[in-house]
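Trainee: Please pick one part of this model and take me through it closely. I would like to see how it sits among its surroundings.

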There are 2 protein chains.
Amino acid sequence: MLRISKLTDYATVILARLAAEPERRFTAAQIAADTHLSSPTVSKLLKQLHRRGLVSSTRGLHGGYLLARSAAQINAAQILDALEGPVALTECAGSESHCCIESSCLVGRAWQRVNHAIRRSLQEITLMELAGLNGPGNQPSPLDRGIPVALGRIATRAPKREPL
Amino acid sequence: MLRISKLTDYATVILARLAAEPERRFTAAQIAADTHLSSPTVSKLLKQLHRRGLVSSTRGLHGGYLLARSAAQINAAQILDALEGPVALTECAGSESHCCIESSCLVGRAWQRVNHAIRRSLQEITLMELAGLNGPGNQPSPLDRGIPVALGRIATRAPKREPL
DNA sequence: CTCATATAGTACTAAAATAGTCCTACTTTA
DNA sequence: TAAAGTAGGACTATTTTAGTACTATATGAG
């Protein structure tokens, strides 16, 4: 029903690998071998992750990649954003009038709120949790707190359905 | 970042239109005119919604479509399911061993939980809310209750990443 | 200073999912 | 029995996604 792209999934796998050994500098080839992903794909993703500031890189001999900050400071929303950009559940790009009638745009508004709710929940999920690195303590996830969605009554005037 | 397909969005628009006048029987052409969607697309979607039991249909002269049950009894998860089927955030179809290493599948497991959390939140959202039909009372949405995600520690044995 | 080993960036190709259209068959009622 | 409607499937085009290849640039070792 809701999907993330394969590449985003791969990126999470790659980040999880880096998170498992935060001190170690990995070459793209090493990660490819560890994750069984194709090496060009891994390179491509690491480049993208670097551009978005999730990993830091060193060029040249003995170069490689490193998590830019600790796994606890990286969350799922950031990973999604890095790979897929700020795309929303629905896209009603640009003009607000020729795509749908007023009632339909109210629907769009509702989706947008759902979108925000999901996004908030994604922000609560750290890479540490995604990577299963919660430590031996089995402490409860911060996600056990609830996520309010607050989809109350919607304004009468049709608002623009804009990306997240 | 997360997307639903255009068709699913359209379907919501169509359902919202039906919900606005629950007594009235709409022809596909009428809905198309109201929503400014193309008539073949509307027909296609209504057929699909009928097959999934969200709308009831009457054939022949003066036939048309009607919401199968009240807008309060239809939720967003049902709509998504009807249109997109039980697809999950990640798809690690079938075999569990040749797609990724153990740690990566732990990642998959985490996505699955996120998936469930999102799904639960979607189930809380009724068509009434999506259509902005909460009535003049401006009563708070049932979604103001929190949604626990419960992404705690994950098992060590790599589980299969299966669809929702 | 030069070579080997890495990342960085860009462009291209192939495959798959999505969106949209068309056509034919069946049903009901006037 | 004809008109107005839904039901269903097949087909096409478009877009997105995934994957590959190639070139440039940076770094450190000998």
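Mentor: Happy to! In β2(B), B:Leu66 is the bridge partner of B:Ser56. This is a predicted model, in which local features need pLDDT of at least 70 and side-chain atom pairs pLDDT 80 or more, while totals for chains, interfaces and linings use all residues. Residues are numbered from 1 along each chain, and chains are lettered from A and ligands numbered from 1 in the order written.

That bridge belongs to the pairing of β1(B), residues 55-58, with β2(B), residues 64-67, which is antiparallel and has four bridges. (Pairing takes at least two DSSP bridges; helices are DSSP runs of H or I, at least four residues, and strands runs of E, at least two, numbered from the N terminus.) Together the strands form a hairpin with five residues between them. In the turn, B:Gly60 has a positive phi of about 75°.

Now look towards the DNA. B:Gly60 is also among the closest residues to DNA strand C, along with A:Ser57, B:Ser5, B:Lys6 and B:Ser38. In total, 24 residues surround that strand, where near means a C-beta atom, placed from the backbone, within 6 Å. At least two residues each come from α3 and β2 (64-67) of chain A and from α1 (6-20) and α3 of chain B, with α3(A) giving the most, four residues.

Turn next to DNA strand D, which 24 residues also surround. The closest are A:Ser5, A:Lys6, A:Leu7, A:Gly60 and B:Ser57. Here β2 of our hairpin gives two or more residues, as do α3 (39-51) of chain B and α1 and α3 (39-51) of chain A. The largest share, four residues, is that of α3(B).

Earlier in chain B comes helix α2(B), residues 28-35, where B:Ala28, B:Ile31, B:Ala32 and B:Thr35 are buried. They lie on the same side of α2(B) because they cover an arc of only 105° around the axis, the arc being that of the directions from the helix axis to the C-beta atoms. (Buried takes 20 or more other C-beta atoms within 10 Å, exposed 12 or fewer, partly exposed in between, with C-beta atoms placed from the backbone.) After α2(B) comes B:His36, whose phi is positive, near 65°.

For contrast, go over to chain A. A:Ala20 lies in helix α1, residues 6-20, and counts as partly exposed because it has 14 C-beta neighbours inside 10 Å. A:Ala71 is 51 residues from A:Ala20 in sequence, yet their C-alpha atoms are 8.9 Å apart.
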